[in-house]
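Trainee: Take me through the spaces inside this one and the place where the ligand sits, please.

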Amino acid sequence: MNDKTRRFLPLVVTVGQVVIFPYYIIWLKQVSLTFTLFAWFFAAFSFAAAWGYRIFQSKKNKNQSFICLIYLGMGVVYLLIGNIKNLSEVLPYMVLLLQVILGLLQGYFRAWHTEQDTYHLHAVHHYLIVGFAMIAFSFVTIISPVVFITVFGLLLCLCGVWEFIRERKESI
Amino acid sequence: MDLVKKPWFLGSVVVIFAAVVLWNIPIEKRKYGLSQSSLVTDYTGLLPERVERIVVADNRDDLQRIVKQANDNGQQISVAGLQHSQGGHTYYKDGVVVDMRSFNRILELDEHQKTIRVEAGATWEAVQEALLPYGLALKVTQSQSIFTIGGSLSVNAHGRDIRFGSMAETVKEMTLLTPAGEIMNVTRDDPDEWMKYVFGGYGLFGVILDVTLELTDNDLYVIQTEKLKTSEYPSYFTQLVNQQQTAMHYARVSVAPSSFLNEMYVINYNYTDKQDHKNFLKKEQGVRLSKIALDLGRQGGALEDLFWTMQKRYITSINNQEITRNNAMRSESTFMEYTKPGRVEVLQEFFVPVHAYTEYIEDVKQVIQANDKHDDFKVHNITIRYAAKDNFTTLNYAKEDMLGLVVLMQHGVKEEEVTNATSIIQRWTDITLEHGGTYYLPYYRYQTKEQFRRSYPAW
Ligand SMILES: Cc1cc2nc3c(=O)[nH]c(=O)nc-3n(C[C@H](O)[C@H](O)[C@H](O)COP(=O)(O)OP(=O)(O)OC[C@H]3O[C@@H](n4cnc5c(N)ncnc54)[C@H](O)[C@@H]3O)c2cc1C
């Protein structure tokens, strides 16, 4: 069971990130005021992801990955996104901060994932699952993208807790 | 290449880039305006309505046809400029809205006669840009240049100028599309006196297509600032008008708890006999800092006192600076941005005769709180400007020489909050009327019909 979760949690996270992407984009476009800002928020995410990626790659002790904290961090960001709708004046500033944090965490996660044995197996599964998931979601009417984003945030938090428990068990 | 892979380098890129983005996040975040697909609102976002059709004005014949068609179909037509009016003046539910913004050409500029003929959808900003190379400036505008000419004349706006009378009086000629669908050229000696009704007529008497405005020189002024007690102001101001040294003027009254309605500062633009040779129009300056300062003031209590102290410091720092007429007519506006869900910031303007000012202010103290920190209804700023007696327009707010108190206020949008704000503003209006004053019509209509009739008996 321990081995199964070790294999499947990263798959759940990767698939979830791709599936949530369209909803996340809708939300980001809604809060971005202008296309320029939307594009810049994306650029900030990308630069931060490069940074996160290199942080993991440059780590001396790669076994100490803190990946449960990364899952939790990403989950908290998505949960925050789902709950900051009433702050319109400070919203763009918050969005920028969240984009940077999310980019950093996702970059770090990806760098970690590429070093796992299951990475190549996941790549194929992840494409297939995303395809089927998107077909399924096309039948769900979106009330608001933040509902999905919040649910995904919760799921990531659960993954974080699960991973934490798994790591504890492994160390015993 | 190795550098690019260093985490510290990538981290620095992220921090620098995020700082650049942060600095470029627009301050103005409100979404308002004309929309066919969703609800139409004006600047405040209050009073959303669905309209039947939005017509973009680009040619006179089309406009004429649309007006005639609407008459035949019994439809209501409204006219919209930049929609900075705040009471839903620019649209009717299920009506046709004529969007004048694209009707914005400069048609003719006569350097020697000092006149400009311009289409009504143009902004003051565009007119100022056209005038600049000729060393010319407008006679009367609002304090900011963000409005259309048609929208401004339709409210007969006023600003900092204290020499040229009302805005309506600076118009020599006008082309008007009448409610019957006729296009006519109107001059000041027109026997039907269309100008009297159209200026300050809120688009109810036809569509202004273009106007010929009188101009003056883009003089260089020296700024002179002073701090006063409220009770000293009427005599100070009367002297200022009589001495003929000052071209433009405005003042602010404290709404901070510790100096509430007792302290004032004034800003005068005094003649220098010099003209501007630098030929530039200033852009919005210090917007982020001004917004932070205003946001502090919005908190009320001690922070509002701090905001007032900062304002006084600032006016001392600009004393003796030089500024052109054009630049004195284009103050910053973006820093006033306020978009908080569930709350709204609006303007109201009350006019009182110059001689009644001191007693009036004493009475206003009974209506609004010195410290509104914990109240829903808050007053953030009161600016004072002069509105010279206007014998020209029918719906005139300046029946004699008046001081206009522009009030920036904030309240919640729940039913009971609006009711509370309405009752305070109605009391304030009553006091204004008791002192022989009136109130300005472009803003949200808190007042009763009775108060409207008392203010505008010619209606
Ligand atoms: C931040 C702010 C600052 C302000 N400062 C000042 C100030 O310093 N002094 C002052 O006097 N006022 C001031 N105002 C009020 C402002 O002058 C009016 O709201 C003005 O009407 C705005 O112009 P607009 O182009 O946005 O007009 P709109 O709001 O689009 O229209 C105003 C009215 O004019 C009518 N209208 C528009 N175009 C035409 C046309 N071509 N023909 C016929 N009717 C037309 C509309 O139907 C409507 O009734 C201020 C308002 C705001 C929001």
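**Cavities and ligand site**

Trainee: Which element gives the largest share of the lining of the second largest cavity?
Mentor: A cavity is a set of points on a 1 Å grid over the protein atoms alone where a 1.4 Å probe fits but cannot get out, and lining residues have an atom within 4 Å of a point. Helices are DSSP runs of H or I with at least four residues, strands are E runs of at least two, and both are numbered from the N terminus. The top contributor to this lining, with four residues, is α8(B).

Trainee: What kind of model is this?
Mentor: Residues count from 1 along each chain, chains are lettered from A and ligands numbered from 1 as written, and side-chain values use heavy atoms, without hydrogens or water. Local features need pLDDT of at least 70 and side-chain atom pairs 80 or more, while totals for chains, interfaces and linings use all residues, as the model is predicted.

Trainee: Which elements give two or more residues to that second lining?
Mentor: Among its lining residues are Glu304(B), Phe307(B), Trp308(B), His380(B) and Asn381(B). The elements you're after are α8 (301-318) and β15 (378-387) of chain B.

Trainee: How much space lies in the largest cavity?
Mentor: The search turns up two cavities of 30 Å³ or more, with volume taken as the space filled by probe spheres set on the points. The second largest holds about 40 Å³. For the largest, it's about 110 Å³.

Trainee: Why does the largest cavity lie between two domains, and which ones?
Mentor: Its lining has 18 residues, with His158(B) and Ala387(B) among those nearest the centre. The domain bounds come from an automatic or database assignment. It lies between them because both give residues to the lining: domain 2 (106-217) and domain 3 (220-455) of chain B.

Trainee: Which backbone lies 2.6 Å from an oxygen atom of the ligand?
Mentor: I'm using polar contacts, pairs of N or O atoms within 3.5 Å. Tyr202(B) has a backbone N or O atom at 3.1 Å from a ligand oxygen, and a side-chain N or O atom of Tyr440(B) is at 2.7 Å from one. The 2.6 Å backbone contact belongs to Gly81(B).

Trainee: How many residues around the ligand are charged?
Mentor: Asp, Glu, Lys and Arg count as charged, and Gly is among the polar ones. The shell has 17 nonpolar and 17 polar residues, which leaves the charged count at one.

Definitions and conventions:
A polar contact is a pair of N or O atoms within 3.5 Å; within protein, one must be able to donate a hydrogen and the other to accept it, and residues adjacent in sequence count only if both atoms are side-chain atoms. On a 1 Å grid over the protein atoms alone, a cavity is a set of points where a 1.4 Å probe fits but cannot get out, and a pocket is an open set with protein on both sides within 12 Å along at least five of seven lines; lining residues have an atom within 4 Å of a point.
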